[in-house]
Amino acid sequence: MATPLETWVNEAALLTKPDAVVYCDGSEAEYQRMIAEMLRGGDSYALNEKTFPNCYLHRSSPNDVARTEHLTYICSSDKDDAGPTNNWMDPGAAKHKVGALLDGAMRGRTMYVVPYIMGPVNSPISKVGVEATDSPYVVASMHIMSRMGKVAMDRLGTSNDFVPGLHSLGDLDPMRRYILHFPEEKLIWSVGSGYGGNALLGKKCFALRIASVMAREQGWMAEHMLILGLESPDGKVTYMGAAFPSACGKTNLAMMVSALESQGYRVWTVGDDIAWMKIGDDGYLHAINPEAGFFGVAPGTGMRTNPNVMAALHKNTLFTNVAMTPEREPWWEGIGDEPPAGLINWKGEKWDSSKGAAAHPNARYTVPAQQSPSISPKWEGPEGVPISAFIFGGRRARVAPLVYESLDWQNGVFIGAMMASETTAAATGDVGITRRDPMAMLPFCGYNMADYFGHWLEMGKKIPKPPKIFHVNWFRKGADGKFLWPGYGENVRVLKWILERVEGRGAAQETPIGYVPAMNGLTLDGLKISDEALKELLSVNSEDWDAELEDSKQFFAKFGERLPREIREEHEKLARRFERVANAAR
Ligand code: OXD
Ligand code: MN
């Protein structure tokens, strides 16, 4: 008798009509076969074998370089279950419409069946997914980004406990591109794109959109969070999860080389993008990184911003839409040197500065996580790591101070819910527009965000030792338009304050938005920063916050009656705290 996996694969093959169906085993030989297939396809190139062994450059179709949020749908039976921040399609109508695009889409191609585990192989928090795809680039990327093939088959056996995802490149026409999620069925369909976030279905589609639904149903959390461990001089490691929107520095923070290393503070990487968390027997929320690799933004990455990842990228790495030097080495803006003569841009053209950026602003590297010198010895521990702090953050030129701590869990959930950030190149659309992005999950929550806030509030009641909640902003600018804070390795100074607050220490001042470091609260030795800049970085400007209160009110109004009462209450309390400060100053 056919197993549930075979039954699903047979149905998928009946629809897409591939010439052949190949079950992937996850072996090195299979990886090399995929690479050979990519090289034959003409859009991939081997890089310099001496300096970048086993590294390849892939050029995607120029109209397929980022996540396409406007073509991403949640297909719940009831539109309200998708909520006002998601695109919605009726599940039947979606299957009809996109089924027609998938019908025969794999003719002349091979369907690769990729069984994969999200999370460490033996972790009870991990889950199995299966992606059927006609893209060798996707298979090769899944080799790096997940534990796949035989290990996943062994875990799955004959069980039906897996999330199926059907992916076809289709004809790569954005007019026929859809990324569909069926949250009730726990099914994914993606057609018309080969871009990572749209096509590596284990990542955003499963590990966030579908998993967020499962997490609410089953009492755990699936979040768009990096996971790091901060080691203190006594050798103790305190783990933190941080949610920032796409391309706001999660990877750099997770892999940071600490500016306070000589004082004994060091950062260990557990994950750089996604955290799955369950309450452990010790009362802490325990986090695993469901992924096995980093799919990071290349431009802006260099020895100054992320030396650990630069060390990791010299072998076994797939680069997408970066530029290439005459020595066949990858190159991008911000790598640290001037563009060399003879550079070929991401489109494969001879580059000169009149052609704009040489690498696409959302060019990526896909690299095994274990290659990072900063990888935590605990990163594959089946029990996950206990989380002591959550950090929310965004890209804000004004408004949010460098760091502040919430008054309590409910207030922290509200801080996450009103998070906003200036948009980046990780998704198609305008760059630099401020948008509300609650918990950095706006593009990734598989259900109504009002219910998602409710789930956070419920979790707060269930976790015996809940993480403390903070907010950071590395991107605040002064009147001269320059960043006030140096960022990168210096961010450890902020993590140190967070650690101290978790331990009940750390000098702070209470403000209407929460606790901000006192002027002497941060460890600043060895850093050149003026008192004025520090004051501005830590200031809470009531005019900015009035505008923030008004804008967030409009955002929350979208959810109508479904918005949890606690969020409305927190909004009112924040407004009242500002009023009290204003009255006292009169
Ligand atoms: C990512 C994203 O690729 O958030 O991680 O876009
Ligand atoms: Mn991300």
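So, the manganese ion, ligand 2: its donor residues follow the spacing K-x19-H-x48-D along the sequence. Keep in mind that this is a predicted model. The protein atoms that reach the metal are NZ of Lys204, NE2 of His224 and OD of Asp273, lying 2.2 Å from the ion. Two of these donors bring distant parts of the chain together: His224 sits in the loop between β12 (221-223) and β13 (226-231), while Asp273 is in the loop between β15 (266-271) and β16 (275-279), 49 residues apart. And are they buried or exposed? His224 has a relative accessibility of 1%, so it counts as buried. Asp273 comes out at 9%, so it is buried too.

Okay, on to the empty space. The largest pocket holds about 850 Å³. Its lining runs to 42 residues, and the ones closest to the centre are Ala247, Cys248, Gly249, Asn252 and Arg395. If you want to find it by secondary structure, look at α8 (202-218), α9 (250-254), β18 (293-297) and β22 (364-368), each of which supplies at least two lining residues. Which of them gives the most? That's α9, with 4 residues. As for the chemistry, the lining of this pocket splits into 19 nonpolar, 14 polar and 9 charged residues.

Then there are the closed spaces. How many cavities of 30 Å³ or more turn up in the whole structure? The search finds 4. The largest cavity has about 80 Å³ of space, and its lining includes Arg396, Tyr404, Met418, His471, Trp545 and Glu548. By class, that lining has 8 nonpolar residues, 1 polar and 2 charged.

The second largest cavity has a volume of about 50 Å³. Among its lining residues are Tyr404, Asn411, Phe414, Met418, Trp545 and Arg577. Two elements, α11 and α16 (565-585), each give two or more residues to that lining, and the largest share, 3 residues, comes from α11. Here the classes are 8 nonpolar, 1 polar and 1 charged.

Helix α11 comes back when we get to the aromatic rings. There are 24 aromatic pairs in the count. One of them is Phe390 with Trp409, a tilted pair with 6.3 Å between the centres and 50° between the planes. Phe390 belongs to strand β23 (residues 385-393) and Trp409 to helix α11 (residues 409-417), so this pair ties together parts 19 residues apart in sequence. Both partners are tucked away: Phe390 is buried at 0% relative accessibility, and Trp409 is buried at 13%.

For a contrast in geometry, take Phe555 and Phe559, an edge-to-face pair at 5.5 Å centre to centre and 80° between the planes. Phe555 and Phe559 are both buried. They also belong to a cluster linked by ring pairs, together with Phe414, Tyr447, Tyr452, Phe453 and Phe556. You've met Phe414 already, in the lining of the second largest cavity.

Rings also meet charges here. Lys95 lies over the face of Trp189, 5.9 Å from the ring centre. Likewise, the charged end of Lys477 sits over the ring of Phe483, at 5.0 Å from its centre.

Last stop: Thr110, which you'll find in strand β6 (residues 110-118). Its relative accessibility is 22%, so it counts as partly exposed. What separates the C-alpha atoms of Thr110 and Asp19? Just look at the two numbers: 91 residues along the chain, and 5.7 Å in space.

Conventions. Residues are numbered from 1 along each chain as its sequence is written. Chains are lettered from A and ligands numbered from 1 in the order in which they are written. This is a predicted model: local features need pLDDT of at least 70, side-chain atom pairs count only at pLDDT 80 or more; totals for chains, interfaces and linings use all residues. Side-chain values use heavy atoms; hydrogens and water are left out. Rings of Phe, Tyr and Trp (its six-membered ring) pair if their centres lie within 6.5 Å; planes under 30 degrees apart count as stacked, over 60 as edge-to-face and the rest as tilted. Buried means under 20% relative accessible area, exposed over 50%, partly exposed in between (1.4 Å probe, protein chains only). A charge sits over a ring if NZ of Lys or CZ of Arg is within 6 Å of the ring centre and within 35 degrees of the ring normal. Donors are N, O and S atoms within 2.8 Å of the metal (3.2 Å for Na, K and Ca); water is not among the atoms, so sites may look incomplete. On a 1 Å grid over the protein atoms alone, a cavity is a set of points where a 1.4 Å probe fits but cannot get out, and a pocket is an open set with protein on both sides within 12 Å along at least five of seven lines; lining residues have an atom within 4 Å of a point. Grid points are joined across faces, edges and corners, and a volume is the space filled by probe spheres set on the points. Ala, Val, Leu, Ile, Met, Phe, Trp, Tyr, Cys and Pro count as nonpolar, Asp, Glu, Lys and Arg as charged, and the others, Gly among them, as polar.
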